[in-house]
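Here is a quick tour for anyone meeting this protein for the first time. Have the structure open as you read, and we'll take it piece by piece.

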Amino acid sequence: EPLMASRGAPTSNDGGPRHRAMGMSRRRQDALLASACVAMLLPVVGATCLREVPASEMRLLSSGGGEARALPLVLPRWASAGVPAQILRIILEEELRVRTDLLTVNYSPELVSHVLGCTDASGRLWNASLPDEREEAECADPGRFQEPPLRAWAALDVWTRVLSLDTVRLAANAGYMHPVGYRGVMGLYTHSDTVREAQGRDVLLQWWEAYRVGFGAREFFSSVAEMDSAIRSIAEFSDSVCSSGACAPGTIRPLCDLGDPASAQEMTEVAESGLKCDGGWFFSPACDQNRTACIPVLMASFKWRFIEYCEVSIRMNLPFAITWLGWEQEKDVVRKLPSMRFLFYWWEPDSAFARLPPARPVRIYFDESFSKLPQATTPMIMLWGGLKHIDPAVYQLLQMAAFDDGDLARMMVGTALGESDEEVACRWLQDPECEAKWRQWLLPPSNVTEVAQLMSNDLALGVTAAAAAVLVIAGCATVAWAVLAWRRSVRWHRPSNPESRIGAEVRQWIGPHAQGRLVQVGASGGGRHAGWCINATPFSISMESKSGSLVLQPWAFCLADPRGIGREFALHVRTGPGAEGWQELSEPATLDFEPSDFSSSPSSVELRAADSITYRGLVARKPLPELGQIKVSSVRRALLLQWSPPHTSRGVPIDEFQGFLRDVIAHPELWKQCRNINQDGTITIEDKAPGCGHRNMYDANLHIVRPEATVVDASYAEARTEYGPPDVFISHVWGETASCTRDAMGKLWDWLAGDSRSSTAFLRGDVLRPRVHVWFCLLCNNQSRVIEELGDDLAASPFAQVLRSRSVRYVALVSPFRALSRKWCNFEFCLSGHVDKSVLMLTQDGVVQAGHVAPKTLNDLAKKVAGFDCRQASCTSSADSELIDVAVDRMGGYKMLTTTLQGIFRDAILEAYGCLEQAMDTVHARAMTCDPTEETQDSPRSGEPRVRREL
């Protein structure tokens, strides 16, 4: 990072210009940078954690050009990367005995550029601010990249959410990317005691709406004038801000100022964005005319979303005054001004404020459907593709390395207590539980090529030792052991074995049901580049490429050359033997794949959306005629072929749906900062422990669906269930609790088993519990492609397709009281009437039409429907709201929609009343047979009018 800054690469105010503003000469900077580099390399040379390795035994890596060098590993400057990088360095040097050099840079785009080799011949990054380097800085032409890369062969902690779509695709195609394992969150934070004070006065500062004008947040924060004066008055600085020790007040100051030479370049970008600053601050329109109403917001680096947050404050009408200070400067301000109250930019995992008194800062949650600003990401490890040919053992280690959220939380506490990254890393490596984890990274690789290479290396060493000792018998034993180990390794590491690493990864992509069907065929097609080719579809597929052809029957896998990824190839797909009707193609299909088809991110539309995500590998999709899509994925030297069925075939078995809801309720982790949408429309935030009855579908999506299905570019139905054509369409509110939905589904299932109308509808399953598939949008939509799948026309949306499908007989509305307030539920309910589907209303008590609910509940429902107007319903997404409005106009407008919905509810209530009338008639007939001449005040006959009046 500092070396590149001195050579003209783009710098932030944390680098060159900022130091010059403090009176530091370029020579002084160079001296400090040189000493910093020496200090960084010292631990690499002298530290010992696992075992002491003499310098003479350290290996260098050869890139094939005759030059041997240490493994170059690049990492960002933020704290979350420091300890994992030292862990990898220690393992590389003390276990694999590979010399490792660490390089630190500022931003994720710089990490990617280095591993791509998008530099000049000296390894310097191109400077986009220089006209003659602007084209190269775009890194759009792989033909200009340095091969091998000069500064980095691997990058740690790449935050893909801050990269452009083209950069992500280019990076994924050029090498290998996989998640580091932990989750990164970033955004605006504030002090915990400020939040507690506001909660005591019924103001929820954790949620963005509290910051709107008139919602009460302003009184808990300092004014902009007070904040500005306090910042400029700081006279004591950390060494990272003032290394000379002779800095004056004003060294730290708001930098959104045209008159400040330290921010001249940034102010040009501010002007180009149409924004204006005054006195060091940007004032949003919501408070520009009354600046005492502004809430101060401190950003770290300008490049860390300063412009984006300014635009959010405009779009969401938030009274913010925003500036940036520099990251080291922001840390000083937060620590040295404990009495001031403001919002500041931070991210986790990070150690900077992990022990800020009195407690860790609290993050402000924005509704991303409005802000369009991502608040979470999946950090990645990126590897240069050529590394696997240079040293498979090193490639294996970096490919397998992963840390979870708990690991990072403990690491950040350690560094916050003053321990160095090396000390924290060494303690983690020596911990018995952690050692069991990282030792697995060094086990024989899951792919056949690397196993063979490692075994051949061991064999060569064994033969050499045997020859040296003239022990022919020992040499033969070594050969036999190596061959036996190789065979055992290949047999163990099959994709169908969920206990192997390749099997566990395949299970993540295709789920337990599909993995249980996989059968190995043949053993040919191996060789130096052997790997697995897996057909996890119900179709017969033949693959043709320049390297040859391959034919696989449904659910079959074999050893083959999976190097079609990154090359052109074609798949010929036809109906497989034994396919069910909903799996039959009308005619064979040929699908052509090109390198540009593969990506580790969703479409460009989804990448700009709030729910964008990074997949666990490269993915490409091609449509099948009227039958969904074929998906090709790259999984640990395996080529995985999957079927993404159409929405009309993504029904989830109701028993598996019940199991999912139980998992939501009983999930063993504490779910923090969960959002509740109450029946009155208010929003509250709470932590939800295992067994909590308040966990809802927003929580389930974040903690179960996304990490288990969305990360493999699939709906939960595809990845985790025995999906099939749905019988029941479930209309629901995401804010409803999982416990309520579970109870309602149980009552529905029981009713379907005994209802005479449904007896011919479900021929699958047993008599007592029929095999019913339900369509539930959270599970049946691919949550990384919602915008893409929804489209611009609701008439062609997945919801409409499923409602029109022949397999669906019932539409069930869960919690009708809450559903009436949601546009989506109203639209689905009315559309079901247009396509002649039987409508059911479900509560925790059961099916309304079946008479499961109390008369008082029916009475309350009737009163609500009588005065209901569909125009009163709301929608979280403004884009969805507009789509629904257009669709409603086509259906006759909201007046017609209201009339239709009232009619559906009226029929349901009357049908429930019919059940009650039958009961009354039965009781009355029995009473008449007992004493036909006697009728008391409490007799059933006199009670019947009272029930009618209630209804």
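## The big picture

First things first: this is a predicted model. The protein chain has 951 residues, and 55% of them count as buried. Its secondary structure adds up to 35 helices and 32 strands.

How much surface does the protein chain expose? About 39700 Å², with carbon and sulfur atoms supplying 52% of that. As for how the chain folds back on itself, take the contacts between residues at least 6 apart in sequence: 73% of these join residues at least 24 apart.

## A helix and its neighbours

Let's start with helix α17, which covers residues 421-430. Its buried residues are Val424, Ala425, Cys426, Trp428 and Leu429. Which helices do they pack against? The list is α4 (79-94), α16 (405-416) and α18 (432-440). One general point helps when looking at any helix: with 3.6 residues a turn, residues three or four places apart point the same way.

The meeting of α4 and α17 can be described in detail. Their axes are 8 Å apart and the two helices pack at an angle of about 60°, in a right-handed crossing. On the α4 side, the contact is made by Gly82, Val83, Gln86, Ile87, Arg89, Ile90 and Ile91. From α17 come Asp421, Glu422, Val424, Ala425, Cys426, Trp428 and Leu429. Sorted by character, the residues of this contact are nine nonpolar, two polar and three charged.

## A six-stranded mixed sheet

Next up is an open sheet of six strands, in the order β25-β29-β28-β30-β31-β32. The pairing is mixed. Which strands sit at the edges? They are β25 (652-653) and β32 (846-847), each pairing on one side only. In general, strands of a sheet pair through backbone hydrogen bonds, either parallel or antiparallel.

Now walk through some of the pairs. Strand β28 (residues 728-731) runs parallel to strand β29 (residues 773-776), and three bridges join them. Within that pair, Phe729 has Trp775 of β29 as its bridge partner. β28 also pairs with β30, again in the parallel sense, over four bridges, and here Ser731 stands opposite Leu813. β30 then pairs with strand β31 (residues 838-843), parallel over five bridges. Ala812 has Leu840 of β31 as its bridge partner.

Is strand β30 (residues 810-814) mostly covered or uncovered? It is mostly covered, as five of its five residues are buried. Tyr810, Ala812 and Val814 point one way, while Val811 and Leu813 point the other way. Residues pointing in both directions are buried.

## A four-stranded antiparallel sheet

Another open sheet has four strands, ordered β18-β17-β20-β21, and its pairing is antiparallel. The edge strands, each pairing on one side only, are β18 (548-552) and β21 (589-593). On average, and ignoring direction, neighbouring strands of this sheet are turned by 15° against each other.

For a closer look, pick strand β17 (residues 539-545), which pairs with β18 in the antiparallel sense over five bridges. Met543 finds its bridge partner in Leu550 of β18.

## A largely enclosed strand

Why is strand β26 (residues 671-677) described as largely enclosed by the rest of the structure? Because five of its seven residues are buried.

β26 pairs with strand β27 (residues 683-688) in the antiparallel sense, over five bridges. One pair of bridge partners is Cys674 and Glu686, the latter in β27.

## Two residues to look up

Finally, here are two single spots to find in the viewer. Leu325 lies in the loop between β10 (320-324) and α12 (327-336). Is Leu325 buried or exposed? Leu325 is buried, because its relative accessible area is 0%, below the 20% cut-off for burial. Leu325 and Gly280 are 45 residues apart in sequence, and their C-alpha atoms are 9.7 Å apart in space.

The other spot is Lys864, found in helix α32 (residues 855-866). Lys864 counts as partly exposed, because its relative accessibility is 35%. Along the chain, Lys864 and Gln902 are 38 residues apart, and 9.9 Å separates their C-alpha atoms.

Notes. Residues numbered from 1 in each chain as written. Predicted model: local features only at pLDDT ≥ 70, side-chain atom pairs only at ≥ 80, totals over all residues. Heavy atoms only, no water. Buried < 20%, exposed > 50% of the residue type's maximum accessible area, 1.4 Å probe, protein only. Contact = heavy atoms within 4.5 Å. Areas by Shrake-Rupley, 256 points an atom, 1.4 Å probe, with all protein chains shown as cover. Pairing = 2+ DSSP bridges. Axes fitted to C-alpha atoms, helices over the stretch in contact; angles between N-to-C directions. Left-handed = near helix turned anticlockwise from the far one by under 90°. Nonpolar A, V, L, I, M, F, W, Y, C, P; charged D, E, K, R; others polar.
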